[in-house]
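Let's take a look at how one chain is put together, going from its domains to one of its sheets.

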Amino acid sequence: MTNYIKLTFVLVLLSFTSCSDVIDVEVPTATERLNIEASIDWQKGTTGNEQTIILSTSTPYFDTTIDNTVVGASVKVTNIDSGTEYIFTDQNNGTYTISNFTPVFNNTFTLEVLYNNEVYTATETMIAVPAINRAEQSLEGGFDDEVLDVTIYWDDPEAEENFYFSKFDYQELLFPNLDTGSDEFSNGNEMDEFFERDKEDDDGNSTEFLPGDTVEISLYGISERYYNYLSLLLDQYYGGGNPFSSIPAELRGNCINVTNSENYAFGYFRLSEYDTLTYTFE
Amino acid sequence: MKHVFLVIILGLSQFIFSQETHTIRGTVKDFSNGETVFGASVFLKGTTIGTTTNEYGFYSITAPKDSYTLIISYVGFEDIFKEINLNTDQTLNFEIKESETLLDEVIINADEPERVNIKKPQMSVSKLNSTTIKKMPAVLGEVDVIKSIQMLPGVTNSGEGSAGFNVRGGAADQNLVLLDEAIIYNTSHFFGFFSVFNTDAIKDIKLYKGDIPAKFGGRVSSVLDIRQKDGNSKKFTLNGGIGLISSRLAAEAPLFKKKGSFLIAGRTSYAHLFMPLIEAVEDSKLSFYDINLKTNYEINENNRVYLSGYFGRDIFDISSLIKNQYGNTSANLRWNHVYNDKLFSNLSLIYSKYDYQIILDFIQLDWVADINNYNLKYDLGYYINEKIKLDFGVSGILYNLNPGEIKPTDETSPINYLKLEQKRAFESGVYVSAEHKITDKLTAQYGLRYSRFSRLGGQYITTYIDDQPLVYNSLIGIYEEGEENGETFYEKSESIKTFNNLEPRLGLSYQLNDFSSVKASYTRTSQYLHLLSNTASVTPLDVWTPSGKYIKPQQANQYAIGYYRNINDSKYSIELETYYKTTDNRIDYVDGSDLIGNNNIETEILNGEARAYGLEVMLRKNEGKLTGWLAYTWSKSEQKTTGGKAGGPGINNGKWYNTPYDRTHDVSLTGIYNFSKKWDFSANLVYQTGRPVTYPNSQYIYEDLSIASYSGRNESRLPAYHRLDLSATYIPNSNIDKRWKGEWVFGIYNLYNRKNAASISFNQNEDTGVNEATRTAIFGIIPSVTYNFKF
């Protein structure tokens, strides 16, 4: 929600006064870091046995060519509550997979990655998510009353603080659209999240949703700490230094380097249940 | 505390002469409109005895019994010579006439203190009157106070589209902005494109960048003292201007048989009227307006009352999705009373308020917030003798802060009602200050302010385990909210926390010869209210918060020395000043802080310190067809924020980092050329080192997105900011006798269309997936035309 409020001022400023152009800027270059994308995602109603962890390294900001996949690391996840260890297999393409993982709600898991003789660890709890009640399309919702938007609804549990992360994917998009949410201002209510595309792109091509278009929508339950991390990550990703966004900073996830604490890793170890739904516009 | 004042007063009284003396007092007014004149020199010819008129035009001179020639002098006006036989106390009021012979040439030096006043100990002050401001080129045809002061050395802002201004490396919230003594919390319309001050209603402005007199308190960086006109007490006049974006109208007239007068001024934008014609913005509205009011009545020679008010609004409506409005309101009732020939007093009762509302239709949220205060103050000026003038007074300010109330816009809204804790505080101050002519060459201004701030109850205060609202998680190296362990309710009658501070102020002036002097000053200031803002630009949403259990008052010490010289019979003048300023308890926000709708700001902040130093050079040409100034500032402004009680290394690993207002070089050149009776030309040239910003230093892939990883705080800089503005004023008929006077003002802002980066953002291109840097520039070249009239 706070993202929307900040966005407001950017919109006001941009729509009335400014002009933007892409320019060449010299940026500093930091030394390479390991990037751990350890997302244990458990779809509602499945076993959650199949899991993948991706390892890569960071690259200079404007680099487009460097192959930065990490092979030869060893990856292990342990369920602290049960003591079960899960060893992931190196697929030699930057992914590490397993097919007998057993997710358990509210159990605590640790991740251990051995790479370049340094050990990285992270600890996180498996979080459940309410089911998506329904998806509805409309013209009135969203930012623009002339284009179709889709909204998902779910019931927020009143008993505790809840944090969410939603993903809208559409074949025309190069990347999914991500957003975080919390029940800070809407505890115990039916919550919603909408998705809409602009009427047209900068070149005047129509981009709005049309009947027949299909979107894949997922809602994840996440921990408060991961919510803070991801909100900041998305704030910086979508805001990227506009005058009303907060001063960007290096993000710290939950992966620490126990061999050399200065050389911590980017990325996060999360364990989330998610509900997913495919919606076709009518 | 009382003893300190007593000692000072006793000390001063030793200087009082035993010789028989008498006092002359009175008021100096402008002959043409009856406005009182601030800063006119009143002195006895052939002696060193003299003074300047105060804000209300009052003066008082005491001298040994004798015959003298009394001279009233105000540059741009004709001198008045009056033979007096000082054998009794007397009251002499004067009306000074604008000097016609000089009228064509004098622009910049229309006012004495705009020249270098080498004798007064007051330093680091800039005064501009509305005549000067109106001659300066301005964006969109509107003359502007805040833009004008940015042409002075040591004053900058974050570029177009940002509200407020920065003085000597200080933050925008460290400026005390007063409009007829009322605190103005937000100085801008349209996100900083216009200031809230209508120059038609303004008499003069004074900016104290340091050496802040003891009568001001509550902000650590500067004081911008803006005074409204009283209103013409001689005849009815109408002033106005019609521009492309906005128009203004001001009416002034005498009241009660010229015993009083009033001024009413209004200004409104009307860009919203044209918006429906432009397709991209047809459903949107963007407008502002403001109203200034002032009236006064002279009950008798010793008593005069004033009432002034201001009301301003900004309104946005973007396709009915986002509705936003905000503005300031202020009112001030004043009573001037002259107790006797030597004692002048003013009692003020002041109210001011800033509020905003934002309705976000697409998430069905309605948000309102405000800050208001009642201020009662009593200021006295005691003209003890020809060597000492004493100022003293008291003030009390009661603040009410409503940081936010969130409401659902309709029944289907998922938003729950939430009201953030209301906050109350009382700030009081007592001060005494003396201007003391120690020898013919050495003058001192010394004073002491005692300030006290009580955060009042009537709210819950959250408590935390180990009293730590913010905790460093050393495992993963981030700051996190502390764990709450309860809430304490404080009754309205209780004080949650009280702070006391002594703020000494000292200024010294030593006159080297008839045309040059050196000055030095030391100022200690305290600030109890803080504007919470973790963004690069000040936004209207930023919330003011009082000091209390978790936020300490800011305290600044500023040391400055300066050299002043008038060259070639005051045709030119040069001012050199250097300063060093430290500020304690400057709060900064931990990485990823969230301030919106947050009841417990203490979980997002760390206490740090700031330091700033610089050298300012000001070269003026005061006379002739071409007048103007060149201002150059070299400066540094840094901040350091360690972990403190929260533990950990702090922000930027506890190392010094640039504040967003650090500008290494800042050059401003302002020239005004009086070509003929019909044409005036003026130009501004500005060059500034780019604003410190944080750039990415690497990227990595997360959730299929290329995520930027950023370097240390404010380690990089935007490209340098520079632009040239021109304006020309054409007076079709300069016949002085004619009642209707009109003029055309043609302006070009940013003549060579420099795309100054307001920001550079780093994003992944949605179509190609490649990272790119996008520059946002606010204003390119903007021509404007305005017709101003006077009747």
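What follows covers the domains of chain B, the contact between them, and one sheet.

Keep in mind that this is a predicted model. The domain assignment splits chain B into domain 1, residues 2–99, and domain 2, residues 112–790. Between the C-alpha centres of domain 1 of chain B and domain 2 of chain B there are 33 Å. Where the two touch, domain 1 of chain B puts in 33 residues and domain 2 of chain B puts in 31 residues.

So who does the touching on the domain 1 side? Three elements of chain B, namely α1 (2–13), β1 (21–30) and β4 (58–64), supply at least two residues each to the side of domain 1 that touches domain 2. The biggest giver there is β4(B), with 5 residues. Here is that side of domain 1 of chain B, sorted by class:

| Class on the side of domain 1 of chain B that touches domain 2 of chain B | Count |
|---|---|
| nonpolar | 15 residues |
| polar | 14 residues |
| charged | 4 residues |

Now for the sheet. Chain B has an open sheet of 5 strands, ordered β9-β16-β17-β12-β13, with mixed pairing. At its edges sit β9 (125–129) and β13 (182–183) of chain B, each of which pairs on one side only.

How do β12 and β17 of chain B run relative to each other, parallel or antiparallel? They run parallel, and 5 bridges join β12 (residues 175–179) of chain B to β17 (residues 222–228) of chain B. If you want a specific pair to click on, Asn175(B) has Ser222(B) in β17(B) as its bridge partner.

Methods:
Residues numbered from 1 in each chain as written. Chains lettered and ligands numbered in written order. Predicted model: local features only at pLDDT ≥ 70, side-chain atom pairs only at ≥ 80, totals over all residues. Pairing = 2+ DSSP bridges. Helix = DSSP H or I, 4+ residues; strand = E, 2+ residues; numbered from the N terminus. Domains from an automatic or database assignment. Contact = placed C-beta atoms within 7 Å. Nonpolar A, V, L, I, M, F, W, Y, C, P; charged D, E, K, R; others polar.
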